[in-house]
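Please open the model in your viewer and set the display to a ribbon. This tour proposes a series of selections and states what each one contains.

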Amino acid sequence: MTSSVPPPPLDDPEQSDPMFCPPLKWGILGCGRVSHDFSQALKHLPTQSIVACSARSADSAEKFAEKHKIGKHYGSYDEMLKDPEVEIVYVGNIHNSRKEIGEKCLMHSKHVLLEKPFACSVKDGKYLISLAKERNLFIMEGMWTRFFPAVQKARDLAMGSDKVLGQIATVYSDFNFNAADSDAYPSSFLYQRKLGGGANLLVAPYPIAAASMFFDGRMPEDIKAVGQLPGSGVAMLSYGFLCETPEETVVVGSKGRMKIGSPGHCPTMLSIDLKADGRGNLGKTLNFEYPLPEDTKEIIDSGGYFYPNSAGFLYEAAAVARCIASGKREAPQFTLEETMLNLRVIEEIRNQLGVKAFDED
Ligand SMILES: NC(=O)C1=CN([C@@H]2O[C@H](COP(=O)(O)OP(=O)(O)OC[C@H]3O[C@@H](n4cnc5c(N)ncnc54)[C@H](OP(=O)(O)O)[C@@H]3O)[C@@H](O)[C@H]2O)C=CC1
Ligand SMILES: O=C1OC[C@@H](O)[C@H](O)[C@H]1O
């Protein structure tokens, strides 16, 4: 599959002024949190007007209308869709009704911006797209990330004619958060499969879209998924000969995250961000630096080093000497059991990738 929409060129008004926009009349469907945020953001754009809002309950729609100074409010989504003044509907409700609501919007000849996820299944997604095409209406998943100037710039730098990074080999992208910070368990829709809850629909669209942007929107040839339950751990590892990765080791726990700085295989820096209560709030940050000893004249005169941070071999050598002097036959910092773990994983990777071992024909 190739990308159907190439990135806009830099001389496109969208790029040179991301706030440029011809007038449009919006109807807000669902009066919850994201609809509130979206409505707030629209206030930066004088040409855009919210002409109506709708919620399952008249009371909630009225309160929302009052807060955002919206002229019309409806206690039913269907009622708002009949309003001829509404040109486009922003759908900010829960996931399980995407198909039904998307269909209704289109059948009422409204353009539609559906919050992510676009749909709860491939089948529903295809259906909505074909219906929008048939009715000649705009439809889009609210992948707002794509429209941030920083992301547009990243896309242009990497994927535009200059291709400043060369051929893209690897994209790392993650998005995890502690849902309990914003959503009470178990009542929120986030935790209810029947309502379209779950991180798979709520969060996965972001890192997937981050990756596809740098691979021209092509469908991945191979997907291997690993799931994680509370209490289990997961490691995402990458190695190779093709390009220089950030080479950082990031460790994430329920109370914070830690980064062993680049170059991760011979680091001198470590930082820890401890989490505070609430989404995205950081408490303390701790930074540690362990500079290597400066090169002596003797070392410089004899050619310095070939590889990064090689002075750090001194720590290994010193520890080996300490072990031997104290009668140890292996080092506690890296046991022989872990060496065997390394070998087992290496062999397993080779088997899964179908790569031959050094002694195979
Ligand atoms: N782009 C972004 O940054 C963000 C996007 N989102 C997306 O926005 C959408 C809504 O998320 P968010 O605003 O946080 O959710 P909310 O919990 O605030 O709910 C949004 C609306 O969904 C309806 N709703 C909530 N719970 C139920 C339920 N149990 N049964 C039926 N309807 C229900 C309500 O509509 P009504 O008002 O009509 O009663 C509610 O106002 C999701 O698609 C989510 O993925 C969410 C956060 C940020
Ligand atoms: O799309 C989203 O869904 C969940 C939110 O918590 C998050 O901030 C948002 O971007």
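The stops below go from the whole chain to its strands, its helices and its ligand. Please bear in mind throughout that this is a predicted model.

**Stop 1: the whole chain**

Select the chain and colour it by secondary structure; twelve helices and ten strands should appear. The radius of gyration is 27 Å, well over the 21 Å that the globule rule gives for 361 residues, so the chain is more spread out than a compact globule. Along the principal axes, the C-alpha atoms fill a box of roughly 85 × 45 × 45 Å.

**Stop 2: residues 24-141**

Next, select residues 24-141. An unreviewed UniProt entry annotates this span as "domain: Gfo/Idh/MocA-like oxidoreductase N-terminal". Helix accounts for 42% of the span and strand for 23%. If you mark the C-alpha atoms at its two ends, you will find them 18 Å apart.

**Stop 3: strands β1, β2 and β3**

Select residues 24-29, which form strand β1, together with residues 48-54, which form strand β2. In which sense do β1 and β2 pair, parallel or antiparallel? Their pairing is parallel and extends over six bridges. Within this pair, Leu-24 stands opposite Gln-48 of β2. Now add residues 33-42, helix α2, through which the chain crosses from β1 to β2. This β-α-β crossover is right-handed.

Continue to residues 72-74, strand β3, which pairs with β2 in the parallel sense over three bridges. To locate the pairing, show Ala-52 and, opposite this residue, Lys-72 in β3. The link from β2 to β3 is helix α3, residues 58-68, and this β-α-β crossover is also right-handed.

**Stop 4: strands β4, β5 and β6**

Select residues 88-91 for strand β4 and residues 111-114 for strand β5; four bridges join them in parallel pairing. Val-91 faces its opposite number, Leu-114, in β5. Adding helix α5, residues 98-107, completes a right-handed β-α-β unit with β4 and β5.

Then show strand β6, residues 139-141, whose parallel pairing with β5 comprises three bridges. Here Val-112 stands opposite Ile-139 of β6. Which helix makes a β-α-β unit with β5 and β6? It is helix α6, residues 122-134, and the unit is right-handed.

**Stop 5: the open sheet of β7 to β10**

Move on to the open sheet of four strands, whose order is β7-β8-β9-β10 and whose pairing is antiparallel. Its edge strands are β7 (249-253) and β10 (282-289), each of which pairs on one side only. Viewed from one strand to the next, the twist averages 10°.

For a detailed view, select β7 with strand β8, residues 256-260; five bridges connect this antiparallel pair. Val-251 has Met-258 in β8 as its bridge partner.

**Stop 6: the surroundings of ligand 1**

Finally, centre the view on ligand 1. How many residues surround ligand 1? There are 19, and the closest are Gly-32, Arg-33, Val-34, Ala-55 and Asn-93. By class, the shell around ligand 1 contains eight nonpolar, seven polar and four charged residues. Colouring this shell by residue class will make that division visible.

How values were computed:
Residues are numbered from 1 along each chain as its sequence is written. Chains are lettered from A and ligands numbered from 1 in the order in which they are written. This is a predicted model: local features need pLDDT of at least 70, side-chain atom pairs count only at pLDDT 80 or more; totals for chains, interfaces and linings use all residues. Two strands pair if DSSP finds at least two bridges between them. Axes are lines fitted to C-alpha atoms, for helices over the stretch in contact, and angles run from 0 to 180 degrees between N-to-C directions. A residue is near a molecule or strand if its C-beta atom, placed from the backbone, lies within 6 Å of it. Ala, Val, Leu, Ile, Met, Phe, Trp, Tyr, Cys and Pro count as nonpolar, Asp, Glu, Lys and Arg as charged, and the others, Gly among them, as polar. A crossover is right-handed if, with the strands pointing away from the viewer, the path from the first strand over the helix to the second runs clockwise. UniProt positions are given in the numbering used here, feature names are shortened, and annotations may be inferred rather than shown by experiment. The radius of gyration is taken over C-alpha atoms; the globule rule is 2.2 Å times the number of residues to the power 0.38.
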